[in-house]
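Q: Please take a close look at one part of this chain, the long helix and what packs around it, and then set that part in the context of the rest of the fold.

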Amino acid sequence: MTTNHTDSVEEFAPRATVDPYRLDPKDVLEPPTTFAGKLKYLGPGLVISAAVIGSGELITTTALGAKAGFVLLWLVIISTAVKVWIQLEIAQWTILSGKPALEGYGHVGPRLFGRAGWINLLWILMDFAKVLQRGGIIGGAVAALSIMIPVFGDPLSTPSLVFWTVVALAVVISLLVTNKYSIVEKLSVGAVIIFTVSTVGLAVSLPFTDFAYTSADVLSGLTFAIPAGTLGFAVAMFGITGVGADEMTTYTYWCLEKGYARYTGPNDGSAERARRAHGWISVMRTDVLVSWIISTVCTMSFYVIGAAILHPQGLVPEGNDMITTLSSMYSSTMGEAGRWIFLIGAFAVLFSTFIASSASVPRLWTNTLSILGFFDWDNLATRTRIIRALTVAFPILWAIGYLIIQSPVIMVQIGGVASGIFLVAVVIAVWHLRSREVPAEFKSNNFFTVMLVFASLAIALLGIYSVFETFGIEIGA
């Protein structure tokens, strides 16, 4: 028997008496059947959008536009769209099973420690390698704050950066230590609105400045061409833009905490449960679609900014220099208002990624500790304590990495290899789980199957290329 809840998802999940990772027949809820109804239950995709459109899009995508010009604009759309099909498949398995992705990765043998398989250990390796990257995300957000409001010194001076780093840490930890999904979602939605409006607005406003671009420039970027010498840029863009393997993995946790699996209910083999599962999977697909549109539009805006402003001048700044350079260019062409709009948008982009990482990584590591046999994941009190402790510890660790540690080459190499292989490993896990644990009625859509095959092949080729590039083996020109 199903229950029709009148509470909104945000008010009802998660509460102290509700375990978002436990399927209880009392929590089942009829899925909405209209598009408007589905929109009320969106959220996990917006949290992922807040994570995806971070330093990778603001800094790297803008730099790629600076290097290649408009010619690879088409690849932004392709690269963000291809990986979505893997995300959809692993999220469907999560809704049907009630388990997060890392649990599913452990089903792919051989198992090495506890319930952990080789993919789980690969995730651990990749996440260690991302410590410095997350420190860089904090650094970018802090740099934007220091430029806007310098404290205890000049903009980007050490005292100013230290001050804003401490403030950023205090704000994020105090907001997230409660371990409530609803807070993460509200913060992410606010950040998404700010950086979407600001980045799209800045890109659209460029034709009225000294860095104007024309419709012909945009059309030239939609010709599906890869000119000689830009293959490396194209591969880098495909790998960087859109949802990565870590975001695909994290998405399953937010789907559970939003309630998609809990509202579907435990698998009792009934037709009613299968119907609810189809309904909530449809809600999840709508969630992914909306987040994909937002991510694609924002990523295209960053690319256009790089292609229109930086490429004609031969400038390819990186890291904090990107923020400084672009903010000064906007001030020179659009006045002080343009500079502030860019800095506010840049801060929203980077800080949203900091929030999303600070909320998600503790959950994934807590689940990993459980898979390795350190505690029982079903023990809600223990799980909550560990997540809260890591929510405090990890951001501080990342901030220390930003303020003290210089990025060693070996960590960059490990990160490159681990990320490339992990993306391929996720594809392997998806096909393993799909073939063995997903009922036939949930994989009967031929279009979804074809797109999944296409995405899997593209990602496999990307992984192979990334590993070769990391070791200096040239493929193509």
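A: Helix axes are lines fitted to C-alpha atoms over the stretch in contact, and the angle between two of them runs from 0 to 180 degrees between their N-to-C directions. With that in hand, and bearing in mind that this is a predicted model, one can begin with helix α16, residues 271–310, whose axis comes within 10 Å of the axis of helix α6, residues 84–97, the two crossing at roughly 150°. Because angles over 145 degrees count as roughly antiparallel, α6 is roughly antiparallel to α16. The crossing in which α6 passes α16 is right-handed.

On the α6 side, the contact is made by Val 84, Gln 87, Leu 88, Ala 91, Gln 92, Ile 95 and Leu 96. The α16 side supplies Arg 273, Ala 277, Trp 280, Ile 281, Met 284, Arg 285, Val 288 and Trp 292. Sorted by character, the residues of this contact comprise 11 nonpolar, two polar and two charged. The spacing of such positions can be read against a general rule: an α-helix has 3.6 residues a turn, so residues three or four places apart point the same way.

Two further residues of α16 deserve individual attention. Ser 295 lies in this helix and, at 7% relative accessibility, counts as buried, the cut-off for that class being under 20%. Apart from its neighbours within four places in sequence, Ser 295 is in contact with Ser 49 and Ile 53. Ser 49 is itself one of the buried residues of helix α3, so the contacts of Ser 295 lead directly to that element. Helix α3 covers residues 44–52, and nine of its nine residues are buried, so α3 is largely enclosed by the rest of the structure. Its buried residues are Pro 44, Gly 45, Leu 46, Val 47, Ile 48, Ser 49, Ala 50, Ala 51 and Val 52.

Met 300 also lies in α16, but at 24% relative accessibility this residue counts as partly exposed. When neighbours within four places in sequence are left aside, Met 300 is in contact with Leu 73, Val 76 and Ile 77. Met 300 and Thr 199, which are 101 residues apart in sequence, have C-alpha atoms 9.5 Å apart in space.

Another helix pair offers a second view of packing in this chain. Helix α9, residues 131–148, packs with α10 at an angle of about 120°, and their axes are 9 Å apart. That angle makes α9 oblique to α10, and α9 passes α10 in a right-handed crossing. Here Val 142, Ala 143, Leu 145 and Ser 146 of α9 meet Ser 160, Leu 161, Trp 164, Thr 165 and Ala 168 of α10, a contact whose residues divide into six nonpolar, three polar and no charged. Those five α10 residues are among the buried residues of that helix, which also include Leu 169, Val 172, Ile 173 and Leu 176. As for its geometry, α10 has 19 residues, 158–176, which at 1.5 Å a residue should span 27 Å, and its end C-alpha atoms are 27 Å apart, in agreement.

As for the wider setting, the chain has 20 helices and two strands, and 56% of its 477 residues count as buried. Among contacts between residues at least 6 apart in sequence, 81% join residues at least 24 apart.

Conventions: Residues numbered from 1 in each chain as written. Predicted model: local features only at pLDDT ≥ 70, side-chain atom pairs only at ≥ 80, totals over all residues. Heavy atoms only, no water. Helix = DSSP H or I, 4+ residues; strand = E, 2+ residues; numbered from the N terminus. Expected span 1.5 Å × (residues − 1). Buried < 20%, exposed > 50% of the residue type's maximum accessible area, 1.4 Å probe, protein only. Parallel < 35°, antiparallel > 145°, perpendicular 65-115°, else oblique. Left-handed = near helix turned anticlockwise from the far one by under 90°. Contact = heavy atoms within 4.5 Å. Nonpolar A, V, L, I, M, F, W, Y, C, P; charged D, E, K, R; others polar.
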